[in-house]
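Thank you all for coming; I would like to walk you through one chain this morning. Please bring up the sequence and the structure, and keep both in view while I talk.

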Amino acid sequence: NDMSKSSYIRFSLRLWGEKLNPHIITNALGIKPSTSYEKGYTKNLSSGKTSAPKDLGIWVFEQVVVTSVKEELDSLLLKLGGRNMKSIEGVQIAILDFYLGLTNDNSRLDESYECVIDNNSLNALRELGVDFRITVA
């Protein structure tokens, strides 16, 4: 299928924990996060106020699908090396999110989209110990 008409498709590995230290995860996986912060993180809002402190630390790595879903997932799984994410110090929650932003300018689909996640990839996902979430927008 031609994905050039789709708005955005990505995989997003999301790790949370009360005592999560982003540097430990980055060192353990050898991958630089797309975003990360520790519990208690606050940011200055455009209103001049400060956001509420975050309840959990988070470490996120996003991989946009440019070629095919299978190739990008296999590439991500290879980067993660079969390591169980919850075995990394400080990680309590681990999710791999598959985000499909398939709406066009009229906010409706004008074609179908199909992808297959084969058994080998499913077995590799199981090794990571992550929940798999699908988000369609």
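When I say that two residues touch, or are in contact, I mean that they have heavy atoms within 4.5 Å of each other. With that in hand, take Arg 14, which touches Ile 58, Trp 59, Val 60, Glu 62, Ile 93, Ala 94, Ile 95, Asp 97 and Arg 133, leaving aside residues up to four places away in sequence. I should say at once that this is a predicted model, and that everything I describe is computed from it.

Let me step back to the whole chain before returning to that arginine. The protein chain has three helices and five strands, and from the N terminus on the elements run β-α-β-β-α-β-α-β. Of its 137 residues, 35% count as buried, and the accessible surface comes to about 8400 Å², with 48% of that belonging to carbon and sulfur atoms. Among contacts between residues at least 6 apart in sequence, 74% join residues at least 24 apart.

Now back to Arg 14, which lies in strand E1. Is Arg 14 buried or exposed? Arg 14 counts as buried, because its relative accessibility is 17% and the cut-off for buried is under 20%. Its side chain makes a polar contact of 3.1 Å with the side chain of Ser 12, and Arg 14 is also linked with Arg 10 and Glu 62 in a network of salt bridges.

Within that network, Arg 10 and Glu 62 form a salt bridge in which the closest N and O atoms are 3.6 Å apart. Since Arg 10 lies in strand E1 and Glu 62 in strand E3, the pair ties together parts that are 52 residues apart in sequence. Arg 10 is buried, with a relative accessible area of 13%, whereas Glu 62 is partly exposed, at 28%.

Arg 133, one of the residues that Arg 14 touches, lies in strand E5 and counts as partly exposed at 35% relative accessibility. Apart from residues up to four places away in sequence, Arg 133 touches Arg 14, Ile 95, Leu 96, Asp 97 and Phe 98, and its side chain makes a polar contact of 3.0 Å with the side chain of Asp 97. The C-alpha atoms of Arg 133 and Ser 12 are separated by 9.6 Å, although the two residues are 121 apart along the chain.

The structure holds seven salt bridges, and I will mention two more of them. Lys 70 pairs with Asp 118, the closest N and O atoms being 2.9 Å apart; Lys 70 lies in helix H2 and Asp 118 in the loop between E4 and H3, so this pair ties together parts 48 residues apart in sequence. Glu 18 forms a salt bridge with Lys 39, with 3.4 Å between the closest N and O atoms, and this pair links the loop between E1 and H1 to the loop between E2 and E3, 21 residues apart.

Let me turn to the helices, beginning with H1, residues 22-29, where Pro 22, Ile 25 and Leu 29 are buried. Seen down the axis of H1, these buried residues fall within an arc of 65 degrees, so they line one face of the helix. The background is that an α-helix has 3.6 residues a turn, so residues three or four places apart point the same way. His 23 and Asn 27 are exposed on the face of H1 turned away from the buried side, while the buried residues pack against strands E1, E2 and E3 and helix H2. At the start of H1, a side-chain oxygen of Asn 21 reaches to within 2.9 Å of the backbone nitrogen of His 23, and just after the helix Gly 30 takes a positive phi of about 70 degrees.

Which residues are buried in helix H3, residues 119-128? They are Ser 121, Leu 125 and Leu 128, and, seen down the axis of H3, they fall within an arc of 50 degrees, so they line one face of the helix. What covers them includes helix H2 and strands E4 and E5, and the face turned away carries the exposed residues Asn 119, Asn 120 and Arg 126. H3 is followed by Gly 129, with a positive phi near 70 degrees.

Finally, on the surface, Tyr 8, Val 64 and Val 66 make a nonpolar patch of about 250 Å². Val 64 lies in strand E3 and counts as partly exposed, at 33% relative accessibility.

Technical notes. Residues are numbered from 1 along each chain as its sequence is written. This is a predicted model: local features need pLDDT of at least 70, side-chain atom pairs count only at pLDDT 80 or more; totals for chains, interfaces and linings use all residues. Side-chain values use heavy atoms; hydrogens and water are left out. Buried means under 20% relative accessible area, exposed over 50%, partly exposed in between (1.4 Å probe, protein chains only). Helices (H or I, at least four residues) and strands (E, at least two) are DSSP runs, numbered from the N terminus. The arc is that of the directions from the helix axis to the C-beta atoms. A polar contact is a pair of N or O atoms within 3.5 Å; within protein, one must be able to donate a hydrogen and the other to accept it, and residues adjacent in sequence count only if both atoms are side-chain atoms. Patches are made of residues with over 30% relative accessible area and no salt bridge: like charges are joined within 9 Å, nonpolar side chains (Val, Leu, Ile, Met, Phe, Trp, Tyr) within 5 Å. Accessible areas come from the Shrake-Rupley method with a 1.4 Å probe; for residues, only the protein chains shown count as cover. A salt bridge is a side-chain nitrogen of Lys or Arg within 4 Å of a carboxyl oxygen of Asp or Glu.
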